[in-house]
Amino acid sequence: MNTKANLKTLIIDKPLKLDCGQTISNFPLAYETFGTLNANKDNAILVCHALTGDQFVTGINPITKKDGWWTYAVGPNKSIDTNKYFVICANVLGGCMGSFGPSHENPKTKKMYGTDFPVITINDIVNAQVNLLDFFGIDKLFSVVGGSMGGMQVLQFVSNFPDKARTAIPIACTSNHSAQNIAFNELGRQAITADHNWLDGNYNSKNTVPDKGLAVARMAAHITYLSKKGLQEKFGRKLQERDDLKFGFDADFQIESYLRYQGSVFVDRFDANSYLYITRAMDYFDLVKQFNGNLSNAFKNTKTKFFVISFTSDWLYPTQENKEIVIALNAINANVGFVEIESDKGHDSFLLDVPDFLKAIKNFLDKSYAENYNEN
Amino acid sequence: MKTEYKIIANIIENNSSILDVGCDDGTLMEFLKANKSTNIRGIEISKEKVQTCIAKGLTVIEGNAEFDLKQFPNDSFDYVVLGQTLQAFVNPELVIKELLRVGKKTIITIPNFGHWRVRLNLLIKGTMPITNSLPHNWYNTPNIHMCTIKDFVKFSEIIGFKIFKSLALKNKKISNINNSNLFLKNLFGELGIFLIEK
């Protein structure tokens with residue numbers, strides 16, 4: 001995990017008051033950009049990543065040496081066309097890809113923060129990210145886009161900064177984390193903290209990692225990202241490199257082997273404490289409560305053009321929860337479009353090659369951009 | 001461009017806010033956007049057609065007018081347009097009340113089931129009418145609540161809405177409908193176009 005020395009980082013010296021009451025300053029925010037910012041600085045798109053994403057949206061991730069997490073959607077001539085748009089993505093506050101997080105050293109103790117790191121919220125994450133706009137001299141983003149937790153950031157961003165985005169695409173998300181969402185996150189956190197190597201969050205000082213707990217957290221979460229139908233079609237009851245059941249507890253079934261693999265590769269790239277902090281930020285997300293029970297008030301006087309997208313087989317952030325965002329926007333006559341994309345790939349659909357989805361994003365962005373140019 | 005669309009556009013004042021209910025592939029929306037107002041939104045039940053609208057740069061919500069109009073507050077739009085779909089709803093009465101609530105003014109067009117060809121079709125053949133504007137068979141038609149121009153005029157009294165403008169379209173020609181010519185317009189009009197208010 002020490003290959004992160006060359007990450008692009010913005011040091012934010014402006015103090016940031018967190019929702020938990022603490023104030024942080026002079027903290028790093030790691031980011032990456034793709035494409036070129038034009039002279040008018042009107043072609044910037046802020047992409048917000050999901051729980052386990054990072055700033056390496058597309059191309060080869062220099063840390064994992066694998067494709068970026070949104071390679072299907074972002075890149076030259078793709079839905080978010082980097083020949084045309086300037087894409088910015090920051091690793092979230094609390095993350096483990098260079099931004100200020102629990103694996104950073106606490107200057108007071110000279111040890112890793114661990115659980116001494118302040119609990120952060122989606123609001124804090126967004127308030128940290130907006131500094132990147134100032135850094136690049138961008139007055140107004142052309143768009144702010146994200147799926148899942150990225151979608152929550154999109155909603156919070158537009159709410160916090162009503163004049164800073166022409167368009168917004170919240171994808172497969174919610175305005176408030178449901179009991180089921182919180183339950184699954186809690187399961188993941190319990191798996192991590194139950195690992196005897198977690199050591200109350202101080203595993204770094206003992207040169208160990210709660211990899212078993214983190215892997216289980218990832219496995220459980222991964223199931224929630226897929227649909228029953230998708231799982232059944234891909235794996236069914238197929239056996240893993242064996243002709244018959246072995247009457248033991250090795251991975252007899254392909255689905256077991258697949259999940260174990262997903263767990264094992266995850267621990268190599270993700271920090272357990274970051275997982276705790278970021279899932280907590282998601283759980284605390286409740287834009288409805290923040291605006292006293294009326295989500296519409298979150299977007300009062302907004303001029304942003306919204307495009308809300310959900311997926312038929314997403315049971316983690318189901319269409320109904322996405323529609324509630326649409327309803328709240330319609331209630332205040334905001335400019336909002338909505339489509340539910342047919343897909344049996346579950347919540348993960350937004351990260352995958354789902355042509356209708358990719359087409360919808362491309363068309364929305366390109367047409368909106370052309371329109372803005374005509375107006376100017 | 002369909003004559004129907006030109007008539008609708010002529011009724012609408014410039015720079016009004018418009019909601020096209022059942023906006024289909026967005027043809028009318030595009031026309032209105034180019035000629036009347038950029039403040040235009042659509043609602044459409046078909047995913048495929050929503051995609052087509054997005055590709056045209058139109059703001060459209062995937063949804064069912066029968067259930068999804070309730071998200072709009074009273075008088076959300078200057079005009080709500082419902083083109084030739086009233087007959088396809090399970091509950092046209094509810095839909096029309098919703099349209100009247102959401103729009104300050106509502107424009108509705110209906111394929112006229114009272115047209116002589118339709119009447120003759122049933123009279124002579126003794127089977128459910130199939131015409132150019134109503135091409136489906138009885139068993140696969142989406143049009144489950146067909147009505148005539150006269151039915152619609154009566155409907156205004158039953159529901160209690162005001163008709164401010166009523167036009168009949170015949171061979172791309174439009175004419176006003178009034179009490180004295182209702183019988184003839186109902187016989188020869190292919191399409192009824194109404195501007196109504198609550």
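The legends below describe close-up views of a predicted model with chains A and B. Local features need pLDDT of at least 70, side-chain atom pairs count only at pLDDT 80 or more, and totals for chains, interfaces and linings use all residues. Residues are numbered from 1 along each chain as its sequence is written, and chains are lettered from A in the order in which they are written.

**View 1. Chain A as a whole.** Chain A holds 11 helices and 14 strands, where helices (H or I, at least four residues) and strands (E, at least two) are DSSP runs numbered from the N terminus. The radius of gyration of chain A, taken over C-alpha atoms, is 20 Å, close to the 21 Å that the globule rule gives for 376 residues, so chain A is as compact as a globular protein of that length; the globule rule is 2.2 Å times the number of residues to the power 0.38. Along its principal axes, the C-alpha trace of chain A spans about 70 × 50 × 40 Å.

**View 2. The two domains of chain A.** Domain 1 of chain A is assigned to 9–178 + 285–375 and domain 2 to 182–279, with bounds that come from an automatic or database domain assignment. The centres of domain 1 and domain 2 of chain A, taken over C-alpha atoms, are 26 Å apart. Their contact takes 27 residues from domain 1 of chain A and 20 residues from domain 2 of chain A, two residues being in contact if their C-beta atoms, placed from the backbone, lie within 7 Å. On the side of domain 1 of chain A that touches domain 2 of chain A, 11 residues are nonpolar, 12 polar and four charged; here Ala, Val, Leu, Ile, Met, Phe, Trp, Tyr, Cys and Pro count as nonpolar, Asp, Glu, Lys and Arg as charged, and the others, Gly among them, as polar.

**View 3. Helices α4 and α8 of chain A.** Helix α4 (residues 179–194) and helix α8 (residues 272–284) of chain A pack at an angle of about 160°, with their axes 10 Å apart; axes are lines fitted to C-alpha atoms, for helices over the stretch in contact, and angles run from 0 to 180 degrees between N-to-C directions. α4(A) and α8(A) are therefore roughly antiparallel to each other, a term for angles over 145 degrees. From α4(A), Ile182(A), Asn185(A), Gly188(A), Arg189(A) and Ile192(A) meet residues of α8(A) that include Tyr275(A), Leu276(A) and Met282(A). By class, this contact of α4(A) with α8(A) has six nonpolar, three polar and two charged residues.

**View 4. Helices α1 and α3 of chain A.** Helix α1 (residues 122–129) and helix α3 (residues 149–160) of chain A pack at an angle of about 65°, with their axes 9 Å apart. α1(A) and α3(A) are therefore roughly perpendicular to each other, as angles of 65 to 115 degrees are called. In α1(A), residues including Ile122(A), Ile125(A) and Val126(A) meet residues of α3(A), among them Met152(A) and Phe157(A). The contact of α1(A) with α3(A) divides into five nonpolar, five polar and no charged residues.

**View 5. Chain B against chain A.** The contact takes 14 residues from chain B and 20 residues from chain A. On the side of chain B that touches chain A, α3 (47–55) and β3 (59–62) of chain B each supply at least two residues, and α3(B) gives the most, with five residues. That side of chain B divides into seven nonpolar, five polar and two charged residues.

Definitions and conventions
Angles under 35 degrees count as roughly parallel, over 145 as roughly antiparallel, 65 to 115 as roughly perpendicular and the rest as oblique.
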